[in-house]
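Hello,

Here is the structure I promised to pass on. Please open it first, then read my notes below.

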Amino acid sequence: MSQILLSPNEARVLAALVEKSITTPQYYPMTVNALMMASNQKNSRSPVMNLTEGDTGAALNTLEADKLVTRDDNAGRVPKWRHRFHHQLLLKAPTMAVLATLMLRGPQTPAELRANAAVLNGPPDAEGIQATLNDLADRASPFVMQLGKQPGQAAARWIHLLSGTPSAAEINEAVSRPMRAPALEPASSRSDLEARLAQLEARIDELEQRLTAAGG
């Protein structure tokens, strides 16, 4: 496909959809509400965003037009969404993991990428990470670029280019953000989130039934 240019909202929604398809397949495909919550997570995100349901839906509509996501035909009354990221960009699974991690977490060193992309089944070793970055950078329309090493950094960071080449000010702001070390969510926190998602799904389904009855 031709070179794509995603807005920050579109990049976050697409990468969150990729992430959840791997980490929580039991809740995939995803509703707009669930995807909004995934996009706005406080952990494993940089920057932290506050997308509305409207923002998320608008991003999905644009991504659908670009054939990067698709609606699930078997989802019932409440629309659910699947990504087509790897199909459209011709990405192998470990390569998709690295690119999605950059889209979710911002600029990272190869060592950070190795740790953070592990949950998405990224390359397991440093050589694999570097080979993947080189592959993504060595394309007619590169998907990533290496940033200059910042003072006090042991290694240079990499950034994705699916939202265009960032300005110097954007790069400085991004690399100055502190990143949390990767951590597993406590089981109780996951259970609470799953319960909230189930409640939201039930409320949406009830509203759909009321609207259908009122229309009839």
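**A pocket and two helix crossings**

The second largest pocket holds about 490 Å³ of space. This is a predicted model, where local features need pLDDT of at least 70 and side-chain atom pairs pLDDT 80 or more, while totals for chains, interfaces and linings use all residues. Residues are numbered from 1 along each chain as its sequence is written, and side-chain values use heavy atoms, without hydrogens or water.

A pocket is an open set of points on a 1 Å grid over the protein atoms alone, where a 1.4 Å probe fits, with protein on both sides within 12 Å along at least five of seven lines; lining residues have an atom within 4 Å of a point. The volume is the space filled by probe spheres set on the points.

Which residues are closest to the centre of this pocket? They are Pro8, Pro47, Ile159, His160 and Ser163, out of 20 lining residues. Helix α8 gives the largest share of the lining, four residues.

Now the helices (DSSP runs of H or I, at least four residues). The axes (lines fitted to C-alpha atoms over the stretch in contact) have angles from 0 to 180 degrees between N-to-C directions. Those of α1 (residues 8-23) and α3 (residues 53-65) come within 9 Å and cross at roughly 85 degrees. So α1 is roughly perpendicular (65 to 115 degrees) to α3.

The axes of α5 (residues 93-105) and α7 (residues 126-137) come within 10 Å and cross at roughly 80 degrees. Therefore α5 is also roughly perpendicular to α7.

Best wishes

Conventions:
Helix = DSSP H or I, 4+ residues; strand = E, 2+ residues; numbered from the N terminus. Parallel < 35°, antiparallel > 145°, perpendicular 65-115°, else oblique.
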